[in-house]
Protein chains: 2
Amino acid sequence: MKFSTSEENYIKSIYHLQQQGGVVSTNNLASELQTKAASVTDMLKKLNAKNLLHYERYQGFTLSDEGIKVALGIVRKHRLWEYFLVHKLEFGWDEVHAIAEELEHITSPLLVEKLDTYLSHPKFDPHGDPIPDVNGKMELRQQVNLIDLALNQEAEVSAVGSQSTELLELLKHKNIGIGTLLTVVRKFTFDNSLEVKVKNFPPFSISQQLAQTLFLKPTYGSTTVGSISK
Amino acid sequence: MKFSTSEENYIKSIYHLQQQGGVVSTNNLASELQTKAASVTDMLKKLNAKNLLHYERYQGFTLSDEGIKVALGIVRKHRLWEYFLVHKLEFGWDEVHAIAEELEHITSPLLVEKLDTYLSHPKFDPHGDPIPDVNGKMELRQQVNLIDLALNQEAEVSAVGSQSTELLELLKHKNIGIGTLLTVVRKFTFDNSLEVKVKNFPPFSISQQLAQTLFLKPTYGSTTVGSISK
DNA sequence: AAATAAATTTAGACAAACCTAAAACTTTTT
DNA sequence: AAAAAGTTTTAGGTTTGTCTAAATTTATTT
């Protein structure tokens, strides 16, 4: 079955939202898609008629198995194109999201498979997100949220939880990118903010909100800067 | 100014038609786009309002300078993507047209320039058509139509005049592709058909229609099979 | 358990891009 | 030069995806 660009965008957004919070609500999806609740309801009816959703009036909704399959196909295309843009065309990892949003709607399945082969079947995209294979299977990202990182445990930034320009702007300002090595030197319970250290820079503060969008891979053989352990 | 996919398709088709015949007619464009004359008139009004056309009711139309600029931008994208699909992803030259029709509508100008650089600024696409540069300039294809090829003059097939599946099917059947070397051994005035020879194959016949869609580059130092010249 | 607030859906409109059928204009034929 | 044929445009309607405003349902207060 084929879908319009608009249908695909709804499916993809529902997928992302239900990854976080389980059942998705109308307002929730409307704000994610920058549209109005009434428009969302219209589209829900259509997707429901195509058996892509479990949907009951006023009760929220989730993707059906079929819906998830479709979503994974779109996610696969999005992440493969991002990989292509960064590793072949030499875009920065923070410039590619909008372009991949367009490329992900190109329909040819053969194109996707040839692209995958050309890129040597990458497992993760430039933001650290896993790329589903043809059957929708993908690796878990073995990453830790910055909020959960142990004190003085060195780790490498490997993914960001959103591609909003606001977030990317803030990361640029703080000089943080994919690959940055950092350690948490203090945690403040008052506002859950963190004091963070990057080599060769003075320590600086990261808010709870920001910390929640950053994912890292611990560097075993940590630098244990001021810790008690030998 | 930005254009919808539909507007871009109209602009591109008008461009191709006026390359052949000068002023374009409504029915002409309707059949090219597989749509109805009334739909064409609707769109003409819109494009005219945006100053992309010279248009007078009932009198036909051509692109304005601005319209040509837009058309060349689309043609540039189409041909660059075709080059990418054939030379990087290893598609056959006869499989890429439909996919490039989708890719040509991706909007990012930076993407086009990075792609062009990645491909090392190719001058011709896999069908032998020239690729316009950023300013719309392109080389003429120094090619001869098969109809005009001199007797016994060896030449290499370098372009086909259309990408219709019907044509590609026929070429496949006759074992002709980009790069095929051939000579015309006889011309029949009755139906303007040609008797053609490809090395290691028995001679075969090509209709006037087919000959008109094939373009070739003469091989200087010809093989002059049965000619009088030493 | 009412009253109020918030979320969701319905009803009715609108723009883009298409359609059919009829009217208007051009070209060709007789 | 009138009639016929062909082409183009207009008029009015459809579908998709959006919107605003009003009605309905669910959740939260008091």
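**Two protein chains and DNA strand D**

User: What makes the approach of A:Gln59 to a phosphate oxygen of DNA strand D a polar contact?

Analyst: In this predicted model, a polar side-chain atom of A:Gln59 lies 3.4 Å from a phosphate oxygen of DNA strand D, and because a polar contact is a pair of N or O atoms within 3.5 Å, the pair qualifies. A:Ser4 also has a polar side-chain atom placed 2.6 Å from a phosphate oxygen of the strand, while for A:Tyr58 the partner is a base oxygen, at 3.3 Å.

User: Which elements give two or more residues to the surface near DNA strand D?

Analyst: Chain A supplies α1 (5–21) and α3 (37–49), and chain B supplies α2 (26–32) and α3 (37–49).

User: How do you know which part of DNA strand D the protein comes within 4 Å of?

Analyst: Of the strand's atoms that come within 4 Å of the protein, 78% belong to sugar and phosphate. Around the strand there are 21 residues, with B:Tyr55 and A:Lys46 among the closest, and by class they comprise seven nonpolar, nine polar and five charged residues.

User: Why is the relation between chain A and chain B called that of a two-fold axis?

Analyst: Chain B is superposed on chain A by a rotation of 180° with 0.0 Å of shift along the axis, leaving an RMSD of 0.2 Å, and that is why the relation is that of a two-fold axis. Both copies use the same surface, since 100% of the contact residues of chain B recur in chain A.

User: Which residue of chain B comes closest to the rotation axis?

Analyst: That residue is B:Leu103, whose C-alpha is at 3.8 Å from the axis.

Definitions and conventions
Residues numbered from 1 in each chain as written. Chains lettered and ligands numbered in written order. Predicted model: local features only at pLDDT ≥ 70, side-chain atom pairs only at ≥ 80, totals over all residues. Heavy atoms only, no water. Least-squares fit on C-alpha atoms with pLDDT ≥ 70 in both. Contact = heavy atoms within 4.5 Å. Near = heavy atom within 4 Å. Polar contact = N/O pair within 3.5 Å; in protein donor to acceptor, adjacent residues only side chain to side chain. Helix = DSSP H or I, 4+ residues; strand = E, 2+ residues; numbered from the N terminus. Nonpolar A, V, L, I, M, F, W, Y, C, P; charged D, E, K, R; others polar.
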